[in-house]
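This report looks at strand pairing and at salt bridges in a single chain. Please keep the sequence and the model in view while reading.

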Amino acid sequence: MRTYEVRTYGCQMNVHDSERLRGLLEDAGYVRAPEGDEADVVVFNTCAVRENADNKLYGNLGHLAPVKARKPGMQIAVGGCLAQKDKASITKKAPWVDVVFGTHNIGSLPVLLERARVAEESQVEILESLDVFPSTLPTRRESAYSAWVSVSVGCNNTCTFCIVPSLRGREKDRRPGDVLAEVEALVAEGVLEVTLLGQNVNSYGVEFGDRFAFGKLLRACGEIDGLERVRFTSPHPRDFTADVIEAMAETPNVMPSLHMPLQSGSDTVLKAMRRSYRRDRYLKIIEDVRAAMPDAAITTDIIVGFPGETEEDFQGTLDVVRQARFAGAFTFQYSKRPGTPAESMEDQVPRDVVQDRYERLVALQDEMAWDENKKMVGRTVEVLVAEGEGRKDATTHRLSGRARDNRLVHFALPTEVETPRPGDVVTVEVTYAAPHHLNADVFGAVRRTRAGDAWERAQDAPAGSAAAPGVMLGMPTVGAKLLEPATNGCQVG
């Protein structure tokens, strides 16, 4: 049997797309290559958001060229946002690539690989609009206990720094019944936690004319028996409404965790970015969220050095960071992306100035996050045990997982306690805080879960089987019966 490897770069959307790519390949008869082996098919699922994305891809393709030369029958495929952007130029720069496919036709990969093999020439297929919604495709999930669920793809915003709308297209929303049917199917497989995913989740419903659809969807998820944790990413401040805050606060399984991109704390820069909200609007949302959920952990995205940004503008960003008290932040230095309005803007900020501001921002944000985490010391938290979260766990003799507010917790396990499985839940007391994690050396209890059972079954399953790690999920055809959960506060139509 031919083996495969999928290499993923970029955002959660790409991570989720890679689950679909693995599912498609396994559905077509491929098996995952063992760790360290050279796969027969290597798929790059690319990102185009950062400036060095091109260099990273072509560097990796260059390293694979001699591998392919000595391995007859090996194939290389490139998909994702960079493929959508560069199209046929990829095979001109790297003629040893066999398949190039875009963000709108990931389902075509197995056919394109076979076509390239038979024709003995590269196949390039880039669609300009979505052919099928990705969630209808088979999936090889990496986790038995936590899953992504797409509510929409694409974006209707026109931020001047962002290339995503031109690569992912305009927003396409799934019907609430389809989303809920997928969540129910995941829970039946043992999943305890889902993350609702979209480029702008709280504009969900625009396509079928219900501006309150996302809040209703959150409440409907609260009615699903066995679903313990619901998160979502990413919202846009422009579309964030009071009903979503109410739904978060009033739905027990919606987690007190919010990722709300800021980008800049300067109204001048926000206007130049075409972000369609201002700092006061942003801070009011944060205030309202904390009024409804005092213990909510709020994280954000911030860009430093956008064209025209002055020291005064940057100080505005630092001021918002102080007021918002983010539990964490993804911080970026602005980089030009071809085809975006910001690429040709005047007053590009010198690199040394950008670097200096970036370092000051990171230092302040680390200070704020550390202060927020120190407030957790002495508290008892519930942690969903995870795989791969604690890189130093073997050295520190701890296990790791996420608290309900999504904070990373490393916890000690008494020798007399049976080791919890990924997917099980533990209660622990926080004893130490760092800017990016918590330690918990006072242990409470272990709750064995269906998710832990599912993880255990996956470890025992034969390689290549539907139950083997990760977990294969083929979505059912959604009919009238499966649409019934949508009546719990979520309108379909």
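Which residue in β15 does T299 stand opposite? In this predicted model, the residue of β15 that stands opposite T299 is G328.

## Strand β14 and its neighbours

The pairing of β14 with strand β15, which covers residues 328-333, is parallel and extends over six bridges. Between these two strands the chain passes through helix α12, residues 311-324, and the resulting β-α-β crossover is right-handed.

Strand β14 also pairs with strand β13 (residues 257-259), again in parallel, through three bridges; within this pairing, S257 has A297 of β14 as its bridge partner. Strand β14 itself spans residues 297-304, and because seven of its eight residues are buried, the strand is largely enclosed by the rest of the structure.

## A three-stranded open sheet

Elsewhere in the chain, three strands form an open sheet in the order β8-β11-β12, and their pairing is parallel. Strands β8 (146-150) and β12 are the edge strands, each of them pairing on one side only, and from one strand to the next the twist averages 25°.

Strand β8 is joined to strand β11, residues 193-197, by five bridges, and the two strands run parallel. One of the residue pairs concerned is S146 with its bridge partner E193 in β11. As general background, strands of a sheet pair through backbone hydrogen bonds, in either a parallel or an antiparallel sense.

## Salt bridges between distant parts of the chain

Side chains of opposite charge can pair when their charged atoms come close, and in this model the count of salt bridges comes to 37. One of them joins the side chains of R20 and E182, with an N to O distance of 3.3 Å. Because R20 lies in helix α1 (residues 12-27) and E182 in helix α7 (residues 176-188), this pair ties together parts that are 162 residues apart in sequence. With buried taken as under 20% relative accessible area, R20 counts as buried because its relative accessibility is 1%, and E182 likewise counts as buried, at 2%.

A salt bridge between D453 and R421 has its closest N and O atoms 2.9 Å apart. This pair also links distant parts of the chain, since D453 belongs to helix α15 (residues 450-460) whereas R421 sits in the loop between β18 (408-412) and β19 (425-429), 32 residues apart. D453 is partly exposed, with a relative accessible area of 33%, while R421 counts as buried at 5% relative accessibility.

## A salt-bridge network that includes strand β12

Which residues are linked with R229 in a network of salt bridges? The network that contains R229 also holds E228, E382, R404 and R447. Within it, the side chains of E382 and R229 meet in a salt bridge of 3.7 Å, N to O. The two residues lie 153 residues apart, E382 in strand β16 (residues 380-385) and R229 in strand β12 (residues 229-233), and the pair thereby links distant parts of the chain.

The two partners fall into separate accessibility classes: E382 counts as partly exposed at 23% relative accessibility, whereas R229 counts as buried at 2%. Strand β12, where R229 lies, is an edge strand of the open sheet described above, and the network of salt bridges thus includes a residue of that strand.

Conventions: Residues numbered from 1 in each chain as written. Predicted model: local features only at pLDDT ≥ 70, side-chain atom pairs only at ≥ 80, totals over all residues. Heavy atoms only, no water. Buried < 20%, exposed > 50% of the residue type's maximum accessible area, 1.4 Å probe, protein only. Helix = DSSP H or I, 4+ residues; strand = E, 2+ residues; numbered from the N terminus. Pairing = 2+ DSSP bridges. Right-handed = clockwise from strand over helix to strand, strands pointing away. Salt bridge = Lys/Arg side-chain N within 4 Å of Asp/Glu carboxyl O. Axes fitted to C-alpha atoms, helices over the stretch in contact; angles between N-to-C directions.
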